[in-house]
Amino acid sequence: MIERTTEAWLTDMDGVLVHEGTALPGGPEFIKALRDKDLPFLVLTNNSIFTPRDLRARLAYSGIDVPEQNIWTSALATAQFVADQIPNGSAYAIGEAGLTTALHQAGFTLTESDPDYVVLGETRTYSFEAITKAIRLIVGGARFICTNPDVTGPSQEGVLPAAGSVAAMIAAATGRKPYYVGKPNPVLFRSALNLIGAHSESTAMVGDRMDTDILGGMEAGLETFLVLTGSTSADEVEKYPFRPSHVLNSIADIVDLV
């Protein structure tokens, strides 16, 4: 049982609510329970490809009704972070609509000419030309930001290289490591808490990955629930030097706790 009062919820999306476009057991019921009780909540994702509107449509297709304002992506958190650092700044961005839209909405100008930042996100097609441009701009003095550290992502054909892998290549070429904004960075969790006016002492995080969801939630001071419907098996939990507050089979086991 929950050992402290939970007044707000954060949850990962892939591996927790959905898997490849299909709702996982308890996903629709969990979100419905949160909305029925008018509890503050956000769906968090390290995926920076899509806008909240895109993700809302994707979730709706699987039968899960989440408003746009309840979706918080690494792209949105990254845009907020760089805008707080340099208001109305400029960036050379490698990514798709989720990232470029977020940067524009945060007041940033996208440019290839002497940008304040190189911002690396996810994209379905990483361009060698774009990566070369990013390397040269970073060598020239641009600050290096990456939306998330994930080195691989899932697809129906198997794993794909993700932003973390490309960031490692750019870091090797420039000698400059990026600042990662997405999970497990507590910056993403704290920005999410601020967005819904929640406090860490009374907020829980639900995730399927120990190295991002649970680690980040723990470092942000949240109660953590690991569900075994995604990347982490029960046996793998024991390999980590930290533990989630709870380990459950699926998010269906949390619905009655809302």
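Start by selecting Ser250, which lies in the segment after strand S15 (246-248). Keep in mind that this is a predicted model. Is Ser250 buried or exposed? Its relative accessible area is 10%. Buried means under 20%, so Ser250 counts as buried.

Now show the neighbours of Ser250. Leaving aside residues up to four places away in sequence, Ser250 touches Pro25, Val227 and Thr229. Take Val227 as the way onward: strand S14 covers residues 223-227.

From S14, step across to strand S13. S14 and S13 run parallel and are joined by four bridges. For a landmark, select Met205 and Thr224: Met205 stands opposite Thr224 in S14.

Next, colour S13 alone, residues 203-207. How many of its five residues are buried? Five of the five are, so the strand is largely enclosed by the rest of the structure. Turn on the side chains. In a regular strand they alternate between the two faces of the sheet. Here, Thr203, Met205 and Gly207 point one way from S13. Ala204 and Val206 point the other way. Residues in both sets are buried.

Then add strand S1, residues 8-12. S1 pairs with S13 in the parallel sense, over four bridges. Select Thr11 and Val206 to find a matching position: Thr11 stands opposite Val206 in S13. So far, then, S13 has been seen pairing with S1 and joined by bridges to S14.

Last stop: bring in helix H8, residues 210-219. Which unit do S13, H8 and S14 make? Trace from S13 over H8 to S14, and you have followed a right-handed β-α-β unit.

Methods: Residues are numbered from 1 along each chain as its sequence is written. This is a predicted model: local features need pLDDT of at least 70, side-chain atom pairs count only at pLDDT 80 or more; totals for chains, interfaces and linings use all residues. Side-chain values use heavy atoms; hydrogens and water are left out. Helices (H or I, at least four residues) and strands (E, at least two) are DSSP runs, numbered from the N terminus. Buried means under 20% relative accessible area, exposed over 50%, partly exposed in between (1.4 Å probe, protein chains only). Contact means heavy atoms within 4.5 Å. Two strands pair if DSSP finds at least two bridges between them. A crossover is right-handed if, with the strands pointing away from the viewer, the path from the first strand over the helix to the second runs clockwise.
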